[in-house]
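Let's take a walk through this protein, one packing contact at a time. Please have a look at the structure below before reading on.

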Amino acid sequence: MGLHYENIDETTRRYMFQESQLGGHYISPRLIDEGKANWQLLLEDAINHHNDDWLAHELLGRSLMRSHETYTRQGVTREREVNREHAAQQLAEGEFNRYYLRGLCLRAKAQGKDSLTVYRGKQVSKPRPESESKIGTSISVDMLLKTLRANDFVTIEDAIGVPGGPNSGLTAKLP
């Protein structure tokens, strides 16, 4: 189950789509070639009409995720099975949330607001203390937008200094 987005509406979606047109999309190595070719269109469809759960479902339903991947450890290359459901959910949540936050930053700026408020948009089984401490804090829209635009697959956790990255369930809302 994906994140709950407090401020998802047509206004935020319009700003999200505007941000998606700037390019620089993260292309997961866990996508097959067809998935890589269709990723931007699927992401934009989710941005305009759906959510991260729909996006993950499409990735799985269309079999766009790899079943195996190679990795190298101590100079030896091996192959392992990919948990496609987890990989699709992580990719969909991470990227949809990234564009949600980018769009929300633009919306906040248009409304004369200079910050967003961090909240947990998804319950997690073992919340990290570092994540918990950020809930309810304010984050600069300028800093967040700059960080999210400058890096692909960067998360709000990265932007606010929470170690561990994705899967914390954190996002933000208008104050």
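A good place to begin is the meeting of helices α1 and α2, whose crossing is left-handed. Helix α1 covers residues 10–20 and helix α2 residues 33–49; their axes come within 8 Å and cross at roughly 160 degrees. That angle makes α1 roughly antiparallel to α2. On the α1 side, R13, M16, F17 and S20 make the contact, and on the α2 side Q40, E44, A46, I47, N48 and H49 do so. Sorted by class, the residues of this contact are four nonpolar, four polar and two charged.

Before going further, a word on confidence. This is a predicted model, with a mean pLDDT of 91 for the protein and 94% of its residues at 70 or more. Helix α1 has the highest confidence, at 98, while helix α7 (residues 156–159) has the lowest, at a mean of 72. Where pLDDT is low, the predicted coordinates should not be read in detail.

Helix α2 also packs against helix α3 (residues 52–61), and here the crossing is right-handed. The angle between α2 and α3 is about 150 degrees, with the axes 9 Å apart. From α2 come W39, L42, L43, D45 and A46, and from α3 come W54, L55, E58 and L59. The contact of α2 with α3 has seven nonpolar and two charged residues, with no polar ones.

Further along the chain there is a hairpin. Strand β1 (residues 68–73) pairs with strand β2 (residues 76–81) in the antiparallel sense, over six bridges. One of the pairs sets E69 against R80 in β2. Two residues lie between the strands of this hairpin, and Q74 takes a positive phi near 55 degrees.

Now for the sheet. Which order do its three strands take? They run β4-β3-β5 in an open sheet with antiparallel pairing. Strands β4 (138–140) and β5 (170–173) are at the edges with a single partner strand each, so one side of each has no neighbour in the sheet. From one strand to the next, the twist averages 45 degrees. Strand β3 (residues 115–120) is joined to β5 by four bridges, and Y119 stands opposite T171 in β5.

Two helices pack on this sheet. Helix α4 (residues 84–110) lies across β3 and β5, at about 20 degrees to β5. Helix α6 (residues 141–150) touches β3 and β4, and its direction makes about 65 degrees with that of β4.

Helices α4 and α6 also meet each other, in a left-handed crossing. Their axes come within 9 Å and cross at roughly 145 degrees. In α4 the residues involved are R98, L101, R102, C105, L106, A108 and K109, which meet V141, D142, L144, L145, L148 and R149 in α6. This contact has eight nonpolar and five charged residues, and no polar ones.

Here are the residue classes of the helix contacts side by side:

| Helix pair | Nonpolar | Polar | Charged |
|---|---|---|---|
| α1 and α2 | four residues | four residues | two residues |
| α2 and α3 | seven residues | no residues | two residues |
| α4 and α6 | eight residues | no residues | five residues |

Notes: Residues are numbered from 1 along each chain as its sequence is written. This is a predicted model: local features need pLDDT of at least 70, side-chain atom pairs count only at pLDDT 80 or more; totals for chains, interfaces and linings use all residues. Side-chain values use heavy atoms; hydrogens and water are left out. Axes are lines fitted to C-alpha atoms, for helices over the stretch in contact, and angles run from 0 to 180 degrees between N-to-C directions. Angles under 35 degrees count as roughly parallel, over 145 as roughly antiparallel, 65 to 115 as roughly perpendicular and the rest as oblique. A crossing is left-handed if the near helix is turned anticlockwise from the far one by less than a right angle, and right-handed if clockwise. Contact means heavy atoms within 4.5 Å. Ala, Val, Leu, Ile, Met, Phe, Trp, Tyr, Cys and Pro count as nonpolar, Asp, Glu, Lys and Arg as charged, and the others, Gly among them, as polar. pLDDT is the predictor's confidence in each residue, from 0 to 100. Two strands pair if DSSP finds at least two bridges between them.
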